[in-house]
Amino acid sequence: MESREEAEASGGYTTERLLDLAARVPVLWSETFDAAVSTMKYGDFVTASQTAYPQTGDDPIGPGTPSVAIDAKMVSEKIYGNLFEEDLTADLLTTVRKNPAAWQLYRS
């Protein structure tokens with residue numbers, strides 16, 4: 001059982017609470033998910049993301065959701081609306097992964 005301090009440090013989401021929420025979403029819950037949450041498998045990634053997120057924009061609490069930042073540069077406002085479409089976001093990320101120089105066309 002996590003302490004109150006541990007829960008507050010994690011944004012209030014205890015391991016128990018996360019597992020309870022996941023159990024309500026059939027496509028999310030799995031033994032693999034439970035193991036990852038229970039062992040904090042992605043804790044370092046979450047911590048790094050929380051540290052980097054506010055640094056991606058002028059807003060001190062971050063740029064909002066959805067957002068894409070690569071090399072600390074946000075996606076251009078001209079194509080921001082595309083981030084609400086899963087296939088368009090996937091295309092953007094695939095394009096930039098295959099051709100990093102293409103990011104110059106999409107960033108602010």
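Q: Is Arg17 buried, partly exposed or exposed?
A: In this predicted model, the relative accessible area of Arg17 is 37%. Buried means under 20% and exposed means over 50%. Because 37% falls between these cut-offs, Arg17 is classed as partly exposed.

Q: With which residue does Arg17 form a salt bridge, the closest N and O atoms being 3.7 Å apart?
A: Side chains of opposite charge can pair when their charged atoms come close. A side-chain nitrogen of Arg has to lie within 4 Å of a carboxyl oxygen, and the closest N and O atoms of this pair are 3.7 Å apart. Both residues lie in helix α2, three residues apart, about one turn of the helix. The partner of Arg17 is Asp20.

Q: How far apart are the closest N and O atoms of Arg24 and Asp20?
A: Arg24 counts as exposed, at 56% relative accessibility. Asp20 counts as partly exposed, at 34%. The two form a salt bridge, and their closest N and O atoms are separated by 2.8 Å.

Q: Which residues are linked in a network of salt bridges?
A: The structure holds two salt bridges. One joins Arg17 to Asp20, and Arg24 forms another with Asp20. Asp20 takes part in both pairings, so under the 4 Å criterion the network consists of Arg17, Asp20 and Arg24.

Q: In what order do the elements of the protein run from the N terminus on?
A: The protein has six helices and two strands. Of its 108 residues, 18% are buried. Read from the N terminus, the order of elements is α-α-α-α-β-β-α-α.

Q: What accessible area do Val25, Val27 and Leu28 have together?
A: Leu28 lies in the loop between α2 (15–23) and α3 (31–39). At a relative accessible area of 38%, Leu28 is partly exposed. Together with Val25 and Val27, Leu28 forms a nonpolar patch on the surface, and the combined accessible area is about 280 Å².

Q: What distance separates the C-alpha atoms of Ala35 and Leu19?
A: Ala35 is part of helix α3 and is partly exposed, at 39% relative accessibility. Leu19 is 16 residues away from Ala35 along the chain. Their C-alpha atoms are separated by 9.8 Å.

Q: Which residue other than glycine has a positive phi near 55°?
A: Most residues other than glycine have a negative phi. The residue in question is found in the loop between α3 and α4 (43–52). At 54% relative accessibility, this residue counts as exposed. The residue with a phi near 55° is Met40.

Q: Is the aromatic pair of Tyr80 and Phe84 stacked, tilted or edge-to-face?
A: The structure holds one aromatic pair. The ring centres of Tyr80 and Phe84 are 5.6 Å apart, with 85° between the planes. Tyr80 counts as partly exposed at 30% relative accessibility, whereas Phe84 is exposed at 54%. Because planes over 60 degrees apart meet the criterion, this pair is edge-to-face.

Q: Which residues gather in a patch of negative charge on the surface?
A: One member of the patch, Asp91, is found in helix α5 (residues 86–98). Asp91 is partly exposed, with a relative accessible area of 46%. Patch members need over 30% relative accessible area, so Asp91 passes that cut-off. The residues that gather here are Glu85, Glu86, Asp87 and Asp91.

Q: What distance separates the C-alpha atoms of Lys73 and Arg107?
A: Lys73 is placed in strand β2 (residues 73–74). Its relative accessible area is 35%, and Lys73 is partly exposed. Lys73 and Arg107 are 34 residues apart along the chain, and their C-alpha atoms are separated by 6.2 Å.

Q: What distance separates the C-alpha atoms of Leu105 and Val75?
A: Leu105 is found in helix α6 (residues 103–106) and counts as exposed, at 65% relative accessibility. Along the chain, Leu105 and Val75 are 30 residues apart. The separation of their C-alpha atoms is 9.2 Å.

Definitions and conventions. Residues are numbered from 1 along each chain as its sequence is written. This is a predicted model: local features need pLDDT of at least 70, side-chain atom pairs count only at pLDDT 80 or more; totals for chains, interfaces and linings use all residues. Side-chain values use heavy atoms; hydrogens and water are left out. Patches are made of residues with over 30% relative accessible area and no salt bridge: like charges are joined within 9 Å, nonpolar side chains (Val, Leu, Ile, Met, Phe, Trp, Tyr) within 5 Å. Accessible areas come from the Shrake-Rupley method with a 1.4 Å probe; for residues, only the protein chains shown count as cover. Lys and Arg count as positive and Asp and Glu as negative; His and the chain ends are not counted. The place of a charge is taken as NZ of Lys, CZ of Arg, CG of Asp or CD of Glu. Helices (H or I, at least four residues) and strands (E, at least two) are DSSP runs, numbered from the N terminus. Buried means under 20% relative accessible area, exposed over 50%, partly exposed in between (1.4 Å probe, protein chains only). Rings of Phe, Tyr and Trp (its six-membered ring) pair if their centres lie within 6.5 Å; planes under 30 degrees apart count as stacked, over 60 as edge-to-face and the rest as tilted.
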